[in-house]
Amino acid sequence: MTFVRWTQLVVCCGIVLAGLVPGACGAQSAPASAPDSAPAATAPAGNRTAYILPPEKLAKAIALSRIRNILDIVGALWGLVVLWLLLATRTFAGIEAWAGRVSGRRRSPVRADSERLPHPRWLQGLLFFAVFFIVTTLAGLPIDALGHHFSREYGISLQGWGGWLGDQGKGLGLAVLIGAPILLLFNWIVRRWPRRYWLGIWLAAVPLIVAVLLVSPLFEPIFDKFEPLTQNHAALVEELEKVVARTGTDIPPGRMFLMKASEKTNGLNAYVDGIGATKRIVVWDTTAGRIPDDEIMFIFGHESGHYVLNHIPKQVSLSVVGLFFVLWTCAGFAGWLARRFGSAWGLQTQDSSAAPLASRTGFVVLIFAVSIAGFVLQPVINTVSRHYEHEADVYGQEAVHGLVADPRKTAVAAFNALGEAWLDDPNPSPFIEFWEYNHPSVKTRANFAAQYDPWKDGGHGEFFEK
Ligand SMILES: [Zn+2]
C-alpha cells in the first residue's frame with residue numbers, strides 16, 4: 001500500500017500524470033479492493049456466487065465497502081477542490097512570492113562589500129515545489145486519516161497512529177526529494193518552450209516512467225522489511241519453483257521475497273514489481289503460512305502471468321500514448337484557465353515575454369488541469385487494468401493445472417481468502433466497479449474461476465498447450 005502510494009504520489013502527482021501510470025503490476029493498493037488477480041464473465045448457475053462470507057463478516061464487508069467508496073470518491077474530488085481553493089485564494093501566488101524572497105538573495109562569497117546577489121532561480125523553484133507537496137499532502141491528510149481509522153476499526157489495519165504518520169512522512173519526504181526536481185524540470189520546459197512545452201514534458205516523462213518502474217523496488221525497504229522467501233518458507237519456494245518451471249519465467253528463488261506486513265495489517269497480498277534487473281516477486285507474511293500453499297501457487301501464477309503476458313510494457317505503452325493526448329488537451333485547457341482566472345489567481349510573469357503558465361503558480365494551473373483529466377480518465381484506466389487482471393487470473397489458473405488437484409477449487413478458495421481478509425464488497429454496484437476498481441470484484445473473479453475448466457473433454461487453456 002505504501003509502495004503504491006508513494007509511487008502514485010511521485011509519479012502521478014509529481015510527474016503530473018495523475019494516475020496515468022500503472023502501479024507495478026499486481027501490487028494492490030491495500031485499502032481499496034482486494035489484492036491481486038481477476039474477472040468477469042459467467043457466474044455460476046442461478047443467483048449463486050462463489051464468493052461467500054460468513055454472516056458477521058458479510059455485514060462488516062457491506063458497511064466498510066460503503067465507507068471506502070465514499071472516501072475514494074470524496075478524496076479524489078477533494079484533491080481537485082484543494083488545488084482550486086489554493087489557486088483562488090492566491091495561496092500559491094503567495095508561496096511563489098515568499099519563495100522568491102526567502103531564497104532570493106545571498107551575500108557575495110568573493111566581495112567584501114556585502115553586495116547581495118540573486119540566488120539561482122532553480123533554488124526558488126525547488127522551495128516552491130517542496131512547499132507545494134507539503135501543503136497538498138497536509139490538505140489530503142484528514143481523508144487519508146479517516147481511511148486509516150476505519151481500516152483499524154474493522155480490524156484490517158493493525159498499524160498505530162504513530163507508525164502510520166511516520167509512513168505518511170516518509171512518503172512526503174520521497175515526494176519532495178524526487179517529485180520537486182521533476183516538477184522543476186517540467187516547469188523549466190514550459191518556460192523554455194512556451195508554445196510546445198506539452199510535447200517537451202511528454203518526451204521527458206517517458207524515460208522518467210521507466211526509471212520509476214526500475215527503481216521502485218529499491219525504495220520499498222523504507223516502508224517495510226523484506227527477507228528472502230527461502231529463509232522461513234523453503235517448502236513454499238519449492239512449490240513455487242514448480243510454477244516457475246511450468247510458466248518458463250526466470251524468477252529464481254533469489255528474486256522471491258517475504259514482506260513483513262503482519263505488524264501493519266491483516267490483509268493478504270502478493271505482487272510483482274520492478275523491471276529487468278530489479279524484477280522480483282513479493283509475498284506478504286500475512287499470506288505465506290496463513291493460507292494453503294496451493295492457493296499461494298495460484299496467486300503466484302497470476303503474478304507470473306503479468307510478466308509472461310508483458311502487462312507492464314503494454315500498460316506503460318498505453319500510458320505513454322494516453323499521456324500524449326492528455327498533455328496536449330490539458331495545455332489548451334490550462335491556457336484557457338490562465339486567461340480566464342489568471343488575474344484573480346495572481347499569475348505573475350517575471351518577464352512579459354513568458355506565457356502565464358511559465359510562472360510557478362501558472363505551472364500549478366497545469367497540474368490542476370491534468371489532475372482533472374486524471375479524475376475523468378480513472379474509469380478508462382481502471383477498465384484497462386481490469387482487463388489485464390482478468391487475463392492474469394486465467395493465466396494463473398492454467399499455470400497451476402497439473403500442480404494442484406483442482407485449479408477451480410484452488411482459485412475460488414484463494415479469492416475467498418483474499419476477499420475475507422480485506423472485507424471486499426460481496427456485491428459491488430456495477431458503477432462503482434466500473435469507476436473505482438482496478439481489479440474485477442472478488443465476486444466476479446471467483447465466479448469466473450468456479451466455471452473455468454478448459455481441460456474437460458480433452459481441451460486446453462488459452463496460454464498452455466496442456
Ligand atoms: Zn494482478
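**Exercise 1.** In this predicted model, state which helices the buried residues of H11 pack against, and decide how far H11 is enclosed by the rest of the structure.

*Solution.* The packing partners of the buried H11 residues are helix H2 (55–88), helix H8 (293–308), H10 and helix H13 (442–451). Next, list the residues concerned: Pro407, Thr410, Ala411, Val412, Ala414, Phe415, Ala417, Leu418, Gly419, Glu420, Ala421 and Trp422 are buried, where the criterion is 20 or more other C-beta atoms within 10 Å of the residue's own. Since 12 of the 16 residues of H11 are buried, the helix is largely enclosed by the rest of the structure.

**Exercise 2.** Compare the span of H11 with the expected one, and find which residue follows the helix.

*Solution.* H11 covers residues 407–422, and its first and last C-alpha are 23 Å apart. At 1.5 Å a residue, 22 Å is expected, and the span is close to that. Leu423 follows H11 and has a positive phi, near 55°.

**Exercise 3.** Describe how H9 packs on H10: give the angle and the axis distance, then the handedness of the crossing and the character of the contact residues.

*Solution.* The axes of H9 (residues 311–345) and H10 (residues 360–399) are 6 Å apart, at an angle of about 155°. That angle makes H9 roughly antiparallel to H10, as angles over 145 degrees count as such. The crossing of H9 past H10 is right-handed. Contact residues include Phe333, Leu337 and Trp345 of H9, and Val365, Leu366 and Tyr388 of H10. In the contact of H9 with H10, 16 residues are nonpolar, 5 are polar and none is charged.

Definitions and conventions: Residues numbered from 1 in each chain as written. Predicted model: local features only at pLDDT ≥ 70, side-chain atom pairs only at ≥ 80, totals over all residues. Axes fitted to C-alpha atoms, helices over the stretch in contact; angles between N-to-C directions. Helix = DSSP H or I, 4+ residues; strand = E, 2+ residues; numbered from the N terminus. Parallel < 35°, antiparallel > 145°, perpendicular 65-115°, else oblique. Left-handed = near helix turned anticlockwise from the far one by under 90°. Contact = placed C-beta atoms within 7 Å. Nonpolar A, V, L, I, M, F, W, Y, C, P; charged D, E, K, R; others polar. Expected span 1.5 Å × (residues − 1).
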